[in-house]
Amino acid sequence: LLLCISFTLLWLYQRHTRNASWADAGWALSVGLVMVWWLQGGEGDTTRRWLAGAVASLWSVRLGLHLLHRARNSTEDGRFQDLRRTWGHRAQRNFLRYFLLQVPLVLLFALPTAAIAQDARAPGLRDLLGVVVALVGVAGVSIADRQLQTHRRTATTVCHQGLWQYSRHPHYFFEWIFWCAWPLMAPLSPRGLLAWVTPVAAYVLLNHVTGIPPAERRSLARGGDEYRRYQEMTSAFFPRSPKTHPQRTP
């Protein structure tokens, strides 16, 4: 109920600002809050719950503040602009549905903590590995975002510096890496299967729904032939060495 009220208020603010990017920031902060809420109410091992809560908070605060700053200081994200044009006079009704859709998505991505909160095992090597993987994910996203921002301040060309020379969407890849950490911290039990939902859902959403497809369309519209060459030489998601020469179509 609180999430429904919060996202309805965000939708009303979106009507005032005509900037639906607030939905992204609201989702990131809400996921962190729900994860910490479920962890603090659990009866599992206290150390594991504190570690999981710290990792969730770090991810949520970093991403949430980044998205809040972007929503406040930039124009509406391109994918929302595309939706606004496509929906026309139905935009506000459909945006309300979109904002309320964030509620089940928040609960979905908080599911790993439902498994961890009741896990009474003492922390071990798997938990340590999970924390390391999560920190790598958060650091990778932060570095990729910073490299892109630096490039955009100094150039108008396609960014293929740093992490962006190995993947066209390194921020999405490392975001997925973060969610891969949770199955490592979850118990090896039927309840622990809840932690596998998020890496699968994140991969599908980032690669096939809200991540790469709309980002590629906008980049092609801006970059034209230069971005097409970048597509031919650089992996879309998983980092790998760039090709020396673009593929030629016979």
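**Entry 1: second largest pocket**

I looked up the second largest pocket in this predicted model and recorded a volume of about 230 Å³. I then listed its lining, which consists of L2, L3, S6, S30, L33, V34, W37 and L107. By class, six of these residues are nonpolar and two are polar, while none is charged.

Next I asked which helices supply at least two residues of the lining. They are α1 (2-17) and α2 (22-40). I noted that α2 gives the largest share, with four residues.

**Entry 2: packing of α2 with α5**

I turned to α2 and its partner α5. Two packed helices are described by the angle between their axes and the distance between the axes, and I looked up both values here. The axes of α2 and α5 (residues 91-109) come within 9 Å of each other and cross at roughly 35°. I recorded the crossing of α2 and α5 as right-handed.

I then listed the residues that make the contact. From α2 they are W22, A23, D24, W27, S30, V31, V34, M35 and W38. From α5 they are Y98, F99, Q102, L105, V106, L107 and F109. Sorted by class, the contact comprises 13 nonpolar residues, two polar residues and one charged residue.

Comparing the two entries, I found S30, V34 and L107 listed in the pocket lining and again in the contact between α2 and α5.

**Entry 3: salt bridges**

I searched the whole structure for salt bridges and obtained 11. Side chains of opposite charge can pair when their charged atoms come close. I examined one pair, R48 with D119, whose closest N and O atoms are 3.7 Å apart. What does this pair tie together? R48 belongs to helix α3 (residues 46-73) and D119 to the loop between α6 (111-116) and α7 (125-154), so the salt bridge links parts that are 71 residues apart in sequence.

**Entry 4: backbone at R18**

Finally, I looked at the backbone of the loop between α1 and α2, where R18 lies. Most residues other than glycine have a negative phi. I noted that R18, although not a glycine, has a positive phi of about 55°.

Conventions
Residues are numbered from 1 along each chain as its sequence is written. This is a predicted model: local features need pLDDT of at least 70, side-chain atom pairs count only at pLDDT 80 or more; totals for chains, interfaces and linings use all residues. Side-chain values use heavy atoms; hydrogens and water are left out. On a 1 Å grid over the protein atoms alone, a cavity is a set of points where a 1.4 Å probe fits but cannot get out, and a pocket is an open set with protein on both sides within 12 Å along at least five of seven lines; lining residues have an atom within 4 Å of a point. Grid points are joined across faces, edges and corners, and a volume is the space filled by probe spheres set on the points. Ala, Val, Leu, Ile, Met, Phe, Trp, Tyr, Cys and Pro count as nonpolar, Asp, Glu, Lys and Arg as charged, and the others, Gly among them, as polar. Axes are lines fitted to C-alpha atoms, for helices over the stretch in contact, and angles run from 0 to 180 degrees between N-to-C directions. A crossing is left-handed if the near helix is turned anticlockwise from the far one by less than a right angle, and right-handed if clockwise. Contact means heavy atoms within 4.5 Å. A salt bridge is a side-chain nitrogen of Lys or Arg within 4 Å of a carboxyl oxygen of Asp or Glu.
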